[in-house]
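Trainee: I have a structure to read and would like to go through it step by step. Where do we begin?

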Amino acid sequence: ASRCLPPLLARMPNIKIFSGSSHQDLSQKIADRLGLELGKVVTKKFSNQETFVEIGESVRGEDVYIVQSGCGEINDNLMELLIMINACKIASASRVTAVIPCFPYARQDKKDKSRAPISAKLVANMLSVAGADHIITMDLHASQIQGFFDIPVDNLYAEPAVLKWIKENIVEWKNCTIVSPDAGGAKRVTSIADRLNVDFALIHKERKKASEVDRMVLVGDVKDRVAILVDDMADTCGTICHAADK
C-alpha cells in the first residue's frame, strides 16, 4: 500500500495537518501538495472573547502539524496556536510540530532598553510549555531566536524563491541593484546580490518612534538601474514607500 503514497508520506505515514484561523488557504495548499486532507478542527470565541478549540478527530500516536502564522490578529492567533498544540498533546499525539511562517513578536528579540522585554523568548517558552516538539518557521527577523528554544527549530529561507521570481519576472534583472530599506537587512541583500552577480545598496533610517521613520539616507548607486527593494517584514509599508521615493 505504501507504494501508492507520495515518497514523503511513504516515509511518514502518520501525518495529520491542522489549520489555525490565520491562513487557511496556505494550509490547504500544503495539504493538497502532500495529497492529504486537512484535519477537522473547530475554533470559536466565547462571548467574553476566550478562544475555544476542539480537535474533531483522533490524533493518538499521530505526527501532527499545526499551521498558524503570526500575522493579522497576532495575539488571538498565538493563543489559538498554543491551545491547539496543547489539545493535540494531551490527546496523545506522538509529536506536535508548529508551522509558523511569520514568527510572532520576532522584532522583540533583544533587550535594547533598560526595562524592555525579550518577548520573542517568552513566545518560545510558551510554545514549548504548550507541548510543541518542533518548530518550522521562515526567515526569522533575527536568527538568534532559534537559540531561545530547547526543541528543534527549522528556519527556512525564501531566498531561492525570491531569486527565481526576479529572474522570471524582471526583464532587466541583470541591470538591477538590490536595496535593503535598513542597515539590518544588509546581510540579506548582499546574499541575493551575490547570487545574481549584481550590485547592492542600503538605506540608513532614523526613527523617532518605532513605527515612524524620520530620515532616510541612501548608501550606494541606483542611478539608471532597476532598484529591487528586499525586506523581511512590512506592516504599514512606510519604510518601503519612503525607500522607493529615495
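Trainee: How many disulfides does the structure hold?

Mentor: This is a predicted model, in which local features need pLDDT of at least 70 and side-chain atom pairs count only at pLDDT 80 or more, while totals for chains, interfaces and linings use all residues. Residues are numbered from 1 along each chain as its sequence is written, and side-chain values use heavy atoms, with hydrogens and water left out. A disulfide is taken as a pair of cysteine sulfur atoms within 2.5 Å. The number of disulfides is 0.

Trainee: Which cysteine has the sulfur closest to that of C102, and why is there no bond?

Mentor: A disulfide is a covalent bond between the sulfur atoms of two cysteines. For C102 the distance to the closest cysteine sulfur is 5.9 Å, which is too far for a bond. That closest sulfur belongs to C71.

Trainee: Is C176 buried or exposed?

Mentor: Buried means under 20% relative accessible area, exposed means over 50%, and partly exposed lies in between, using a 1.4 Å probe and protein chains only. C102, at 30%, is partly exposed. C176 has 0% relative accessibility, so C176 is buried.

Trainee: What is the strand order in the open sheet of 5 strands?

Mentor: Strands (E, at least two residues) and helices (H or I, at least four) are DSSP runs, numbered from the N terminus. Two strands pair if DSSP finds at least two bridges between them. The pairing in this sheet is parallel, and the order is β1-β4-β5-β6-β7.

Trainee: Which strands stand at the edges?

Mentor: An edge strand here has a single partner, so one side of it is left without a neighbour in the sheet. The two are β1 (15-19) and β7 (153-156).

Trainee: In β6, which residue is the bridge partner of A98?

Mentor: β5 (residues 95-100) and β6 (residues 134-138) run parallel and are joined by 4 bridges. The partner of A98 in β6 is I135.

Trainee: Which element gives the most residues to the largest nonpolar core?

Mentor: A nonpolar core is a set of buried Ala, Val, Leu, Ile, Met, Phe, Trp, Tyr and Cys residues joined through side-chain atoms within 4.5 Å. The largest has 32 residues, and I66, F103 and I135 are among those that touch the most other members. Elements giving two or more residues include β4, β5 and α4 (119-130). The one giving the most, with 6 residues, is α3.
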